[in-house]
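Subject: Structure handover

Hi,

Here is the structure we talked about. Please load it before you read on; my notes follow below.

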Amino acid sequence: MSADKTKLDLIISGVGGQGAILASDIIGKAAVLAGVPIRAAETHGMAQRGGSVVNHIRLGCELGSMIPLHGADVLLALEPVEALRYIDSLSDDGVVIVNTQPVLPVTVTSGGDEYPDVSEIVDVLKSNHKVKVVAFNAFELAIKAGHPQAMNVVMVGAASNYLPMSKDLLIDCIKGMVPPKTVDINVNAFELGRAKV
Amino acid sequence: MSTREYMLGNVAIARGIVEGGAQVISGYPGTPSSEIIDTLSRMDERNFYVEWSVNEKVAMEVAAGAAWSGVRSVVTMKHVGLNVAADPLMTLAYTGVKGGMVIIVADDPSCHSSQNEQDTRKYADFSLVPCLDPSTIQEAKDMIPYAFELSEKFEIPVIFRPTTRISHGKSDIEPGEIVEDRPRAHFEKLIDRWVMLPKNARVRHPHLLGIQENITKELENSSWNELSINNDSESKIGIIASGIASVYAKEAILNLGIDISFLKVGTYPVPEGLIMNMLEHADTVLVIEELEPVVEDRVRIITNKTSSCTRIIGKTGDFVPRFGELNVELCEAAITNAFGTGEKTKLTESTVDMEEMADVASIKLPLRPPAMCPGCSHRAVYYAMKNVFGNDAVYPSDIGCYTLGVQSGTVETTLCMGSSITLASGIYHAGESRPICCSIGDSTFFHTGMNGLMNAVYNKANITVTILDNRVTAMTGHQPNPGMGKTATGEPTVDISIENLCRGLGAEFVEVVDAYDRKATEEVFKRAKEYNGTSVVIAEQACVIDARRAGIRLKPYVIDVDKCTGCKQCVKFGCPAIEFDSESKHANITALCTGCGVCGQICKFDAISEVKK
Ligand SMILES: Cc1ncc(C[n+]2csc(CCOP(=O)(O)OP(=O)(O)O)c2C)c(N)n1
Ligand code: SF4
Ligand code: SF4
């Protein structure tokens, strides 16, 4: 990881509809409040209909938003197959945080493709021993926190251990960004995720 | 306290429009441009007029009318929208404007959400309209107020061209001052300007050519172009990069740690003086830009003019690809290939290739293409259509969420918006003897489909036209359209009846059906197929995403495992909420179900029913 403490290249991968954009927005807003320059690139449009999505977030960056291949410090994967799909974006000493709950693509539900075994995916991630792997079921933690949709916030909680912003600042941002009725659920979700790393 | 805000590129552009004091903003949705008007139309307080127009040509002319009345106006669209609006653009360059007019055209290198990746800078060159090409989101916002001033100074519209990575990127943004001065609209009757009779056009064309030199000078001195000459090194290397490619190039140069002279280009016409200066200091100049060699060709022309011997490379010599978006890796490879001593490095795979990547180590990764939502009415209509017309039919289609139904075998053409009915007519008149059934969405029908239907009826095409009426422009983010009874800002307005419209266009067979009613839909398709002439089937049902936002929730469905035989009929329907459990050999409905009920009408064993509570 870079020597400069405010510099961090983060990739969030997942499936359209999982809330990858809210996850990047929480981090982005917090970065701006902390005075850290930020550049991000997001998947909008067509792929959001259940396709594979990837967001690049560059903290402490004033150039382009696209993280070079093998350049990311952290890969936050909201879905196991989407961890493996973007593993080449991670640097040799990077960290991958993966939610182990699969979302089956249409190619599997109504096509001929097979969904790989999740433990095998995690093994492949781990066998690439240069990277640190944090794998857990964020979906179940979100249910525990109060709603399955808070999975993205669980994952932000897990990633928060590596971010150059304080925990309190991130929580403040979450409070301001989620629907008022769900504030407690989301703060819980964040804490449960944070405790996983 | 910092006033910086975290903003989406298109939100920052919307902010620039407000800062620039625009009074009329029009546009037609299209990725990656749509959020500009989405942002403006949702603002609580507005001191401007904003509309979703029915297509880009219409939008361009609305904005031009406003600018001819002396107020600042903006029109927004995606790159291919400019093809539709090219007719007014080309002559608007002759007439010019009074109030500042900014034409925002968002390009999509790599075709993230588009049918092609054309380069709008070519249109700027073609029409002789100046163009601004931002490299960062902050610059994008700041360029808009400047564009208005430029437009007013030379009385010419200005093209502003963000790309996907600007429009759908995010960054910390420093907001600027808002122009408070708002002139009152007054249409001045300048007949020799606004009436392009040949005698007036013959005067305006040389005028347009005449102002180019001054526009070039003005842009040359703007802050959007930056030259840094490296005097102290031995190296005679120059790099010119434009728009977003300039930030990728800067990062690549930093990574490689090389000494070079660098010119960032952000305007068209390009800064000739800065380029000449660069040519004096470099033996070789590498031009890095996305898509077409617009800057590169200009640099070569300038080189010839100055009889400089500098070698110009880029697309020439295959250092920089002419397709797809660029990134830091591609720039590094281009620079090392151009100036390194070693062997040529192979270009690394881009992120787009990664989305398609199917194998990592020993694991085969399933592809994850976008698909229509659970309960999408388009899927139901296609199912009924296929049952009636069968495999021995031809299925031209169009552009919208329904294009994602390509797996259902009922999408056999996608060319451009509005082309389904017209292609169907051509296929019919060519003598194709199989039945022809085309499909088109409601917004696309309003956009350019209507003319095609009128033409089909008038010229007696024996085809079936299916209008997939989900009462919204879904694909681009659920913008309102004339069939919804509300405007961009949510004001109630007339609800234009597609049925009456089709009859007005001359169609005699027009039937409306509930898309979720499989039997009724199949019956209508049967009658339409039998009909000799142009038959129109309007399948109605709200887009599930839009319906959910409006608070409509249907009860989900479940499968009775005792009745399920494992025949997979429902699985083949392709709803993402239906999975097959290969261990128990039963289908299963997941939490994604939106309760459309269509799978229940497909199951032959009556195993699927609404959840009872
Ligand atoms: C000339 C042009 N303008 C805009 C677009 C972007 N675009 C793609 S599909 C679409 C509209 C889709 O709406 P509709 O036909 O109602 O289908 P739906 O997505 O709702 O199913 C638009 C605006 C385009 N491809 N071409
Ligand atoms: S957004 Fe609406 S129209 Fe598009 S696929 Fe989903 S349900 Fe269908
Ligand atoms: S009712 Fe059936 S087809 Fe409709 S959304 Fe639910 S599972 Fe899918």
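Which atom of ligand 1 does a polar side-chain atom of B:Glu56 approach, and at what distance? The partner is a nitrogen atom of ligand 1, and the distance is 2.6 Å. Bear in mind that this is a predicted model.

Ligand 1

Two further polar contacts involve oxygen on the ligand. The side chain of B:Asp442 places an N or O atom 2.6 Å from an oxygen atom of ligand 1. For B:Asn470, the side-chain N or O atom is 3.1 Å from an oxygen atom of the ligand. Ligand 1 on its own exposes 590 Å², and the protein buries 98% of that area.

The shell around ligand 1 counts 26 residues. B:Glu56, B:His378, B:Cys401, B:Asp442 and B:Thr444 come nearest. By class, the shell splits into 11 nonpolar, 12 polar and 3 charged residues.

Where in chain B do they come from? Domain 1 (5-220) and domain 3 (377-549) of chain B each give at least three residues to this shell. Two helices of chain B, H4 (81-84) and H19 (442-458), each supply at least two. H19(B) gives the most, with 4 residues.

Ligand 2

This site is shared between chains, because residues from both A and B surround ligand 2. Chain A brings A:Arg49. From chain B come, among them, B:Met372, B:Cys373, B:Cys376, B:Cys543, B:Val544 and B:Ile545. The class count is 8 nonpolar, 3 polar and 1 charged. B:His378 and B:Cys401 are in this shell, and they are also among the residues that come nearest to ligand 1. B:Asn470 is listed around ligand 2 as well, in addition to its contact with an oxygen atom of ligand 1.

Ligand 3

Here the shell has 14 residues. Those that come nearest are B:Cys575, B:Cys593, B:Cys596, B:Gly597 and B:Cys599. What is the charged count in this shell? There are no charged residues; the shell has 10 nonpolar and 4 polar ones.

Strands S19 and S20

One piece of chain B's fold is also worth a look. Strand S19 (residues 509-514) and strand S20 (residues 535-540) of chain B pair in the parallel sense, over 6 bridges. B:Phe509 stands opposite B:Ser535 in S20(B). Helix H21 (residues 518-530) of chain B joins S19(B) and S20(B) in a right-handed β-α-β unit.

Over to you.

Best wishes

Key:
Residues numbered from 1 in each chain as written. Chains lettered and ligands numbered in written order. Predicted model: local features only at pLDDT ≥ 70, side-chain atom pairs only at ≥ 80, totals over all residues. Heavy atoms only, no water. Near = heavy atom within 4 Å. Polar contact = N/O pair within 3.5 Å; in protein donor to acceptor, adjacent residues only side chain to side chain. Areas by Shrake-Rupley, 256 points an atom, 1.4 Å probe, with all protein chains shown as cover. Nonpolar A, V, L, I, M, F, W, Y, C, P; charged D, E, K, R; others polar. Domains from an automatic or database assignment. Pairing = 2+ DSSP bridges. Right-handed = clockwise from strand over helix to strand, strands pointing away.
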